[in-house]
Amino acid sequence: METHQTATKSVLQFRDAGKRFCTPARPDLWAVRDLSLDCPAGKITCIVGPSGCGKTTLLRLAAGLDDATTGQVVLNGATVSGPSQGVGLVSQEGGLLPWMSVEQNVALGLSIAGRSRADRRARAARALGRVHLPPEVSKSFPHELSGGMRRRAALARVLCSEAPVLLMDEPFGGLDEHTRRKLQTQLVELWTEDRPTILFITHSIEEAVMLADRVVVMGFATKTAEIEIDLTHPRDPLSPDSLDCQLKIRELLQQTRQPQSL
Amino acid sequence: MTLIRKIALGSIVPAVLLAIWWAMSLQSSVVPSIGSVVEVLMNPSVAPADLDTTSITAGAQISILRVVLGFGLAGITGIVAGFLIGLSRTSREIFAPAMSVAMAISPIAWLPVSIIVFGLATPASVLFGDEAWRYNTLDQLSFAVVAVIWYGAFFPVALNTAAGVRGVRRAHMETVRVLGAGRMQMLTKVILPASMPAIFTGLRLGGGIAWRVIVAAEIFPGTRSGLGYMISASHEIGEYRYAFAAIIVIGAIGLVLDGGFRLLAWRVGHWQAKER
């Protein structure tokens, strides 16, 4: 069907993409170097790698927040040169604006797009419901919420903008095991409903295997391996198949050498 | 219980000061009695017969109007300047050193210069020329004094605004950028609300300085109205009960001003208290 047709197409591609930073201490620091990667439409692609390996830089290139120094990032056939409408980003801290209520935060994309107040309210309420946040929190401020609720609100924001491509940078980092597991399960449920293309960054092998159709292992600045995860959802992190994948990824990660300077 | 405790502890210092005042008024003929000052305060709208000045309410009204005008201008120009130097590195490099020097100079030091520059000009004299005397209140707001108040309040507002604008977190900017915001929306959705607490800190500081400066400026020869003038006039005839009454009113108005700004600052910045 429709999903099957688009599944073969790649929505987001990195073509020999590289990003160099010029800092006074290290004038020639390649955060990402000659990296090629396809994110197939309607699939979840997870990137795992040690911290500082360039995962976040990769995501920033896709979001149009940084420009590639070499190569290019292609989104729906066009080279990325800045933020674009169809891409939603959930950053590490969630990126909620502390001076706005949860409702205003969730509907921020809509208010930037100039949508009416009634429309914003209705869609924010629907998005909050989808991430299982009670309607009462819509008037609360981010600092009044727990860590898990903040992540849910951030998730509600990208759902609200209905972006077909979601970039997620360790969106569940720093949460306790229980909350994290619950959010992972719910993310998969949400993904099953509208099948967005997701590029998900994590340093947790287990999380990657829980979510991904494809896991990309990153060494320093570059991709070292790609593994297809062909397990049905919902997945059990302790099932033999899952553990098998986790071990394989761990082995690949251990093979990547740390650079001399670190 | 805590409220009673608060009131009880907070009253200790004023009570001691009142006792000292009372004791001193018994010893000295210069220090007015508490009763005579209370009497002046109880009849605030009566102009003192022995003093060439207006009543306390009229004086306070003039002082407040001068501050409103000078501080209002300082608020507007300070916020605009703060955004400019907060957003542009070049303008920061041009203006910041000069501003640091300018801020170190007491606004009162500029009063003679200000009088040379503005002369006796007032909003009334500019608008109505020879008919200015008909508009008594407007004619009291001499530009020389207003300019000095502006000078006192401008720098804290501008520098705090600039610090607030510079302190906007990159992650917040990027959040709205990814959602498709243009430059104008970055300003209205992020930079302005994020720097609100700093702006209000600047306004509160500037307001406090403006209120202190106005009283000092009015004591300076050349001004013939306002609470500060009441103090100097009262000194000239040796009747200090008016000076004491004016000082108490000055303190009370300053307190209300600061409380108002605290309240406003909390309203725009309550999100920040728990943010860090």
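**View 1. Who sits around Ala153(A) in this predicted model.** Once the neighbours within four places in sequence are set aside, Ala153(A) is in contact with Leu96(A), Val102(A), Val106(A) and Leu133(A). The residue itself belongs to helix H6 of chain A, which covers residues 147–160. Is Ala153(A) buried or exposed? With a relative accessible area of 1%, Ala153(A) counts as buried, because the cut-off for that label is under 20%. For a sense of scale, take Ser10(A): it is 143 residues from Ala153(A) in sequence, and the two C-alpha atoms are 29 Å apart in space.

**View 2. The largest nonpolar core.** This one has 62 residues, and Val176(B) and Leu227(B) are the ones with the most contacts inside it. Chain A joins in through helix H4 (108–112), which supplies at least two residues. From chain B, the helices that each supply at least two are H2 (34–42), H3 (56–87), H4 (89–104), H8 (143–166), H10 (183–219), H11 (227–237) and H12 (240–273). Which helix gives the most to this core? That's H10(B), with 13 residues.

**View 3. Zooming in on Leu227(B).** Skip the neighbours within four places in sequence and there's still a good list of contacts for Leu227(B). Among them are Ile56(B), Gly59(B), Ala60(B) and Ser63(B), along with Trp211(B) and Glu218(B). Ala246(B), Val249(B), Ile250(B) and Ile253(B) are in contact with Leu227(B) too. Apart from the core that holds Leu227(B), there is another one of 49 residues, including Ala154(A), Leu155(A), Ala156(A) and Met168(A).

**View 4. Where chain B meets chain A.** The contact draws 21 residues from chain A and 19 from chain B. Between them the two chains bury about 1900 Å², and carbon and sulfur atoms give 66% of that area. How many salt bridges does the rule find across this interface? Just 1, and it pairs Arg60(A) with Glu174(B), whose closest N and O atoms are 2.6 Å apart. The rule also picks up 6 residue pairs in polar contact across the interface, both partners at pLDDT 80 or more.

**View 5. The chain B side of that interface.** Helix H9 (170–178), H10 and H12 of chain B each put at least two residues on the side that touches chain A. H9(B) has the largest share, at 7 residues. Sorted by character, the residues on this side come out as 8 nonpolar, 5 polar and 6 charged.

Definitions and conventions
Residues numbered from 1 in each chain as written. Chains lettered and ligands numbered in written order. Predicted model: local features only at pLDDT ≥ 70, side-chain atom pairs only at ≥ 80, totals over all residues. Heavy atoms only, no water. Core = buried A, V, L, I, M, F, W, Y, C linked by side-chain atoms within 4.5 Å. Buried < 20%, exposed > 50% of the residue type's maximum accessible area, 1.4 Å probe, protein only. Helix = DSSP H or I, 4+ residues; strand = E, 2+ residues; numbered from the N terminus. Contact = heavy atoms within 4.5 Å. Buried area = accessible area lost by both parts, 1.4 Å probe. Salt bridge = Lys/Arg side-chain N within 4 Å of Asp/Glu carboxyl O. Polar contact = N/O pair within 3.5 Å; in protein donor to acceptor, adjacent residues only side chain to side chain. Nonpolar A, V, L, I, M, F, W, Y, C, P; charged D, E, K, R; others polar.
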